[in-house]
Structures are given as structure tokens and as C-alpha cells.
Amino acid sequence: MPHTFDAETLAGVLGHMNRDHAADNLLIVRAFSDPELVGATMTGFDGDGGVWSARRVDGSEVEVRVPWPGGEIAERPAVRRAVVALYDAACARLGVEPRPHS
């Protein structure tokens with residue numbers, strides 16, 4: 001059973017991803033699901049991976065679940081590392097130059 005993060009951690013990460021990294025959300029779902037998707041919102045995550053609601057060009061929605069590249073996580077500090085690794089993996093799949101991480 002995957003680790004479950006508390007509501008405060010979920011809200012903080014999801015708010016940050018959807019407010020500050022909307023383009024990264026779309027890049028991730030395109031890389032790991034369908035390159036024709038036109039929108040994505042991160043809706044959840046657990047110790048096994050992240051979950052996005054992605055929009056198709058016809059307006060329909062699909063759930064996309066992507067496992068963390070480095071395997072299961074169980075601590076709050078590991079969430080950022082896992083999301084960054086997922087972003088980097090998505091860039092590699094799509095042939096996009098990743099931006100530097102601070």
C-alpha cells in the first residue's frame with residue numbers, strides 16, 4: 001500500500017504545481033500518456049506517483065497516473081525531488097531541454 005501524505009502536504013504541493021508549473025503538468029501528461037493532450041491539472045499524489053486530470057482537444061477529461069521515476073517515496077522532502085525527476089524524465093521523452101533547477 002503506497003504512503004499517503006497529509007492534507008496540508010497535498011494542498012501545498014498541488015497548489016504550487018497548478019499555480020506555478022501548469023506548463024510542466026501538461027508536459028508530464030503529454031510525455032507519459034498522450035502527446036495530443038491540451039491541458040492538465042495535478043489532482044493528487046501518493047508514495048507511488050502523481051495523478052493529473054488531463055483534457056483532450058474535444059474537451060473530455062482523462063485521469064493520468066504516472067509513477068515516480070525513482071520508486072516509492074514516503075517523506076515530504078522527497079516529493080519535490082520526485083516531481084523534478086518526473087519533469088526531467090518527461091523532457092527527455094519529448095526531446096525538450098529541461099530548465100535548470102534551483
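In this predicted model, R99 is placed over the face of Y87, at 4.6 Å from the ring centre.

Aromatic side chains also meet one another, although the structure holds one aromatic pair. The partners are F5 and F45, whose rings are tilted, at 5.3 Å centre to centre and with 50° between the planes. Because F5 belongs to the segment before α1 whereas F45 sits in strand β1, the pair ties together parts that are 40 residues apart in sequence. With buried meaning under 20% relative accessible area, F5 counts as buried at 5% relative accessibility, and F45 likewise counts as buried at 7% relative accessibility.

| Residue | Location | Relative accessibility |
|---|---|---|
| F5 | segment before α1 | 5% |
| F45 | strand β1 | 7% |

Helix α2, which spans residues 22-32, contributes a further set of buried positions, namely D24, N25, L26, L27, I28, V29 and A31. These buried residues of α2 pack against two other helices, α1 (7-20) and α3 (76-94), and against the strands β1 (39-45), β2 (49-55) and β3 (61-67). Strand β1 thus appears in both settings, since F45 of the aromatic pair lies in it and the buried residues of α2 pack against it.

Strands β2 and β3 run antiparallel and are joined by seven bridges; within this pairing, V51 has R65 in β3 as its bridge partner. The hairpin formed by β2 and β3 has five residues between the strands, and in this hairpin G59 adopts a positive phi near 95°.

Terms used: Residues numbered from 1 in each chain as written. Predicted model: local features only at pLDDT ≥ 70, side-chain atom pairs only at ≥ 80, totals over all residues. Heavy atoms only, no water. Buried < 20%, exposed > 50% of the residue type's maximum accessible area, 1.4 Å probe, protein only. Helix = DSSP H or I, 4+ residues; strand = E, 2+ residues; numbered from the N terminus. Contact = heavy atoms within 4.5 Å. Phe/Tyr/Trp six-rings, centres within 6.5 Å; stacked < 30°, edge-to-face > 60°. Lys NZ or Arg CZ within 6 Å of the ring centre and 35° of its normal. Pairing = 2+ DSSP bridges.
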